[in-house]
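Got a minute to look at a structure together? Here it comes.

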Amino acid sequence: MSPSARSSGSKKVVYAGIFANTAIACVKYLAALSTGSSAMMAEAIHSSVDIGNEILLLIGMRRSGKPADPLHPYGYGKTLYFYSLLVAIYIFALGSGLTIYRGISRILNPSIPENVGWSYGVLVASAAFEFYSWRISYRELKKRKDPDEGVFDEVIGSKDPTVFTVFLEDSAGMIGTVIAFLGILLGAIFRNPYLDPAASILIGLLLAGVALLLARETGALLIGERTNRARIRTIESIISDDSAVEQIGELLTMQLGPGQALLTARVTFKRSLSVQQVEGSIARLKNQIRKEEPAMERIYIEPDSLGSQENEHPHSGTDG
């Protein structure tokens, strides 16, 4: 998938998430105010936090697209990773913190929710909206994963946090809806005022878990994670299959953004080659790598040994 196609798919996922969560949040707040349900209010807060998250992702996507400049010679791709880390903090501080706080407050001052019929209808409707957004993010993840990988492998290995963030948010949203439904239903059946706020606390803990997972993944990308394994295998195959190459030495990559990556490689060329032939081979390798892996925007290939003994090191390690 080309970087432009990835970007288009990412925006589609985020916009779908904003649409679904806006509709969900509105009906949840109405139901929470009319029933007094702590679990329903927790779900309303959850959906509101998701809207804020997706707006942050859109800001990050826009700013990460700025071209490179003298101050940032490798571009602004990692800006998106910074905003994704803010999303994780936002989920943890507001989503998890507020829902757990509200649940504990209601346990200390228990009451049984009223007019719970509203809540069931709202939760069913919100589940439908959540599923709509979840399905779009799930399909986008499936497009990007390798054939031998599962969806969770793509979440862990993905270099585009927009898609897996929305996917995890929507997954948590559907699970949270089930928790809220059970808390309200069981509380009404058994006339137990503690089950509804207990559901609120469980939703808060669920959000905390999602936040910690997002922080772990986006933090790794922010500090400099390698590109994905399939891309590395393709690059190794291109270099090793070239007729001028004897062997590959050190090969390092770093993700600079969702559609940008850096490659540095030390390559041993055949000793019979002249300086000009080595330089030509390096240019050919770069062109072939960029053709098959457009995300490799920065490529540095350093010859590990020279062809002709009488020649000095060729100047060919810079990216073209």
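What follows is a short chat about a helix and some aromatic rings.

Reader: Before we start, what kind of model is this?

Author: Residues are numbered from 1 along each chain as its sequence is written, and side-chain values use heavy atoms, without hydrogens or water. Local features need pLDDT of at least 70, side-chain atom pairs count only at pLDDT 80 or more, and totals for chains, interfaces and linings use all residues, since this is a predicted model.

Reader: Which residues of α9 are exposed, on the other side from the buried ones?

Author: Buried means under 20% relative accessible area, exposed over 50%, and partly exposed in between (1.4 Å probe, protein chains only). In α9, a helix (a DSSP run of H or I, at least four residues, numbered from the N terminus), the buried residues are V275, V278, S281, I282, L285, K286 and I289. These cover an arc (from the directions of the helix axis to the C-beta atoms) of only 135°, which puts them on the same side of α9. On the other side, the exposed ones are Q276, N287 and K291.

Reader: Are the rings of F82 and Y83 stacked or edge-to-face?

Author: Rings of Phe, Tyr and Trp (its six-membered ring) pair if their centres lie within 6.5 Å; planes under 30 degrees apart are stacked, over 60 edge-to-face, the rest tilted. By this rule there are eight aromatic pairs. For F82 and Y83 the centres are 5.6 Å apart and the planes at 85°, so the pair is edge-to-face.

Reader: And what angle lies between the planes of F131 and W134?

Author: Both sit in helix α4 (residues 116-144), three residues apart. Their rings are stacked, 5.9 Å centre to centre, with the planes at 25°.

Note on methods: Helices (H or I, at least four residues) and strands (E, at least two) are DSSP runs, numbered from the N terminus.
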